[in-house]
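Q: I would like a close look at a single part of this structure, set out in one connected account. Please begin with the point I raise below and then continue to the surroundings.

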Protein chains: 2
Amino acid sequence: MVYSLKPELNILVSPTSFKGSLTPVQAAEAISAHIPPEFKVINLPVADGGDGTLEVLTGKLKGSFMEVDTINPLGKPIKAEYFLTENKTAIIELARASGLNLVCTEHCPAVYGSTRGTGKLVLSALDQKASTIMLTVGGSATADGGVGILKELGYRFLDSRGNEIREGGIGLNDIESIDVSGVDPRIFKIPLKILCDVDNPLLGENGGIAVYSPQKGASPHQVSLLVQGFAHLSNLIGKYRNKQIGDIPYGGASGGIPAVLSAFLEVEIHPGAELILEWLNFNEIIEEVDLIITGEGSFDQTTHNHKITSVILEKAKTLNKLAVVFCGEINQSDPRIIAFSISPGICPKQQLIAHAGKYLGLLTSRVFSLISEIYMITSKSLQL
Amino acid sequence: MVYSLKPELNILVSPTSFKGSLTPVQAAEAISAHIPPEFKVINLPVADGGDGTLEVLTGKLKGSFMEVDTINPLGKPIKAEYFLTENKTAIIELARASGLNLVCTEHCPAVYGSTRGTGKLVLSALDQKASTIMLTVGGSATADGGVGILKELGYRFLDSRGNEIREGGIGLNDIESIDVSGVDPRIFKIPLKILCDVDNPLLGENGGIAVYSPQKGASPHQVSLLVQGFAHLSNLIGKYRNKQIGDIPYGGASGGIPAVLSAFLEVEIHPGAELILEWLNFNEIIEEVDLIITGEGSFDQTTHNHKITSVILEKAKTLNKLAVVFCGEINQSDPRIIAFSISPGICPKQQLIAHAGKYLGLLTSRVFSLISEIYMITSKSLQL
């Protein structure tokens with residue numbers, strides 16, 4: 001019997017974005033380029049509705065990008081694209097028009113930011129006679145519950161004097177009535193699927209508003225104002241629409257969009273990770289590999305709120321496959337998870353972000369040198 | 001044929017100190033405690049004449065510690081120990097009385113620090129009738145060429161007015177004459193072995209004074225003053241003693257001690273790494289193991305100046321053994337060296353130092369989980 005002296009391992013490279021530095025495709029390329037040629041590599045960057053979702057999906061789909069004149073979360077004119085597949089599914093990545101990458105957190109988009117810009121993409125999709133709208137909501141700068149999107153569709157949110165409320169989460173507390181007379185009827189005629197990157201409900205201790213608003217520039221006081229505004233809107237919706245939106249799973253993703261939209265429109269709420277992995281044929285591909293390299297910028301406790309990295313780790317565990325996480329920062333101490341930081345040691349955030357690609361390549365080289373060596377030692381010891 | 005499902009690998013754990021946080025013994029313990037029980041572990045912390053040398057050696061030797069009233073590099077009274085073996089070898093770790101860990105770099109010990117404190121340990125060893133003195137010179141705060149040691153032995157370094165020069169490297173430029181009339185004759189009757197942690201010569205581009213003085217608080221201007229002082233002393237020695245000390249290998253270790261002492265005393269200069277590894281029986285032990293874990297605080301270009309980590313890597317390469325480096329900081333980009341930082345990502349120096357033990361344990365757990373998994377995948381694939 002002849003044994004190979006080279007590792008016969010099939011590797012699946014499936015990182016998501018390293019926020020602020022590498023898109024999922026860039027991260028996958030930085031890894032794949034540094035895996036020695038004797039390994040068989042499948043390059044499959046992933047996303048869960050957050051940044052880079054469109055990039056990941058459109059690599060696998062036929063269709064074209066549609067460019068729209070729209071606005072960023074703070075109202076500045078920008079151009080943003082969505083993707084229209086051949087069969088007329090419009091894939092709208094909320095982060096493209098209402099993402100945290102478009103504004104500075106010092107302007108506190110959690111409080112003042114609006115999703116109107118994404119609303120304009122939805123309107124464009126309706127104009128294009130989309131047969132389905134798929135809205136991926138991760139990476140948002142906003143916490144307005146999608147009220148900006150609803151405004152663009154014709155809803156009017158009025159205060160006690162009958163005036164339109166202010167833009168952003170700050171306005172929610174002032175809502176006294178909602179005028180639906182001008183709503184665009186086309187939105188009720190096609191399925192609206194919302195893909196969420198985290199499973200937090202809207203309110204409560206683990207509520208998405210409380211957990212994620214600080215990342216979007218809200219101070220503790222502002223977080224409590226936002227939570228109060230959403231509690232007020234929930235009450236109104238409970239009273240007038242007879243819907244309880246506070247504890248819907250995934251409802252608190254992206255500043256409450258899934259919860260609030262579900263009170264006004266017919267929406268399907270999907271865990272983004274699962275649906276996107278299905279589109280990518282991930283479940284079949286993972287069966288054929290020996291080792292999965294996944295990764296993300298910050299691997300911390302929020303990863304377990306059903307973010308893609310934790311979904312992949314779960315799948316790997318179920319199938320008894322080896323999974324390794326490469327990340328910018330590890331902020332959890334479970335030694336059973338094989339995770340390595342790309343950091344060279346003492347490293348400020350700016351440096352880690354600026355050199356993420358180089359560091360990720362170096363880490364990959366080192367881990368695969370170790371794997372090759374262990375493979376060879378094992379092979380030799382078993383042949384004796 | 002039955003294969004084990006557990007890795008049958010012998011591991012040698014041989015880190016040196018993580019300066020400022022873990023001694024070699026502490027580092028070895030943090031690693032060993034996190035290697036899964038199925039591996040056979042040999043715990044052998046190492047040193048090369050730098051910090052922790054005494055700790056590493058005395059774990060293997062019979063003898064006793066001798067405590068001496070002495071002074072730190074800046075003249076403050078301290079107590080320091082050396083080790084006297086059963087056969088009367090005095091092992092003196094310079095860092096215990098003249099080490100960088102004893103003073104603050106803001107006081108610029110490179111310029112003002114003296115090795116007199118170590119001289120007092122040498123005198124004590126003579127009083128104890130030591131048969132050999134082994135002086136390990138790494139980790140020094142000083143750059144006085146061991147003039148402080150020579151002063152304690154009775155040498156008088158005089159300026160043009162016949163006064164004693166100032167303490168520290170700053171005084172060297174003023175030496176005009178050397179009075180040897182009062183030198184303690186006992187020092188010439190026993191071998192003095194100097195163990196060096198780096199192989200830099202005294203002067204020149206890669207000279208120890210220029211390369212290491214900045215780590216000891218010297219500004220660029222002060223470095224050039226020191227280099228000038230040593231050039232002056234070298235000239236004097238060349239003229240009056242007919243010795244060229246500027247380019248002796250290892251002569252520039254520890255602020256020039258090996259070079260300067262060799263002009264006045266009969267000394268043997270040893271690469272610390274090799275000699276200590278010999279004492280530890282390292283060369284026989286490494287033959288029997290499959291994998292070596294070594295490590296140090298900062299794994300950078302100076303590591304290759306014959307520091308212990310690079311010596312171990314070389315030995316592993318020659319014997320075709322797998323070696324992995326665990327370190328606080330990696331500052332080199334050779335992907336063929338399998339090195340991992342213990343850093344969790346974005347990490348200030350204080351945090352890395354304060355939690356080095358915890359991070360080292362976590363990294364060990366993760367690397368050995370990976371090794372176990374690869375072992376199992378390889379075993380399974382080879383059995384098919």
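How many disulfides does the rule count over all chains?

A: The model is a predicted one, and over all its chains the count of disulfides is 0.

Two cysteines illustrate this result. In chain A, the closest cysteine sulfur to that of Cys327(A) belongs to Cys347(A) and lies 13 Å away, which is too far for a bond. A disulfide would require the two sulfur atoms to be within 2.5 Å. Cys327(A) has 0% relative accessibility and therefore counts as buried. In chain B, Cys108(B) likewise takes part in no disulfide, the nearest cysteine sulfur being that of Cys104(B) at 10 Å. With a relative accessibility of 5%, Cys108(B) also falls under the 20% limit and so counts as buried.

The interface between the chains comes next. Here 42 residues of chain A are in contact with 42 residues of chain B. The area buried between chain A and chain B is about 3,800 Å², and carbon and sulfur atoms contribute 71% of it. On the side of chain A, the residues that lose the most area to chain B are Ile346(A), Arg366(A) and Leu382(A), which together account for 19% of what that side buries.

As to polar interactions, the count of salt bridges between chain A and chain B is 0, whereas 6 residue pairs are found in polar contact across this interface, both residues of each pair being at pLDDT 80 or more. The elements of chain A that give two or more residues to the side touching chain B are strand S12 (322-330), strand S13 (339-341), helix H13 (349-354) and helix H14 (356-383). Of these, H14(A) gives the most, with 15 residues. By class, that side of chain A comprises 26 nonpolar, 10 polar and 6 charged residues.

A helix of chain B completes the account. In helix H10 of chain B, which spans residues 272-279, the buried residues are Gly272(B), Ala273(B), Leu275(B), Ile276(B) and Leu277(B). The cover over these buried residues of H10(B) includes three helices of chain B, namely H2 (53-58), H11 (282-287) and H12 (308-318). Strands of chain B are also included in this cover, namely S6 (132-136), S9 (192-196) and S10 (267-271). Just after H10(B), Asn281(B) adopts a positive phi of about 65°.

To return to the point raised, the disulfide count over all chains is 0, and the sulfur of Cys327(A) remains 13 Å from its closest cysteine counterpart, in Cys347(A).

Methods: Residues numbered from 1 in each chain as written. Chains lettered and ligands numbered in written order. Predicted model: local features only at pLDDT ≥ 70, side-chain atom pairs only at ≥ 80, totals over all residues. Heavy atoms only, no water. Contact = heavy atoms within 4.5 Å. Buried area = accessible area lost by both parts, 1.4 Å probe. Salt bridge = Lys/Arg side-chain N within 4 Å of Asp/Glu carboxyl O. Polar contact = N/O pair within 3.5 Å; in protein donor to acceptor, adjacent residues only side chain to side chain. Helix = DSSP H or I, 4+ residues; strand = E, 2+ residues; numbered from the N terminus. Nonpolar A, V, L, I, M, F, W, Y, C, P; charged D, E, K, R; others polar. Buried < 20%, exposed > 50% of the residue type's maximum accessible area, 1.4 Å probe, protein only.
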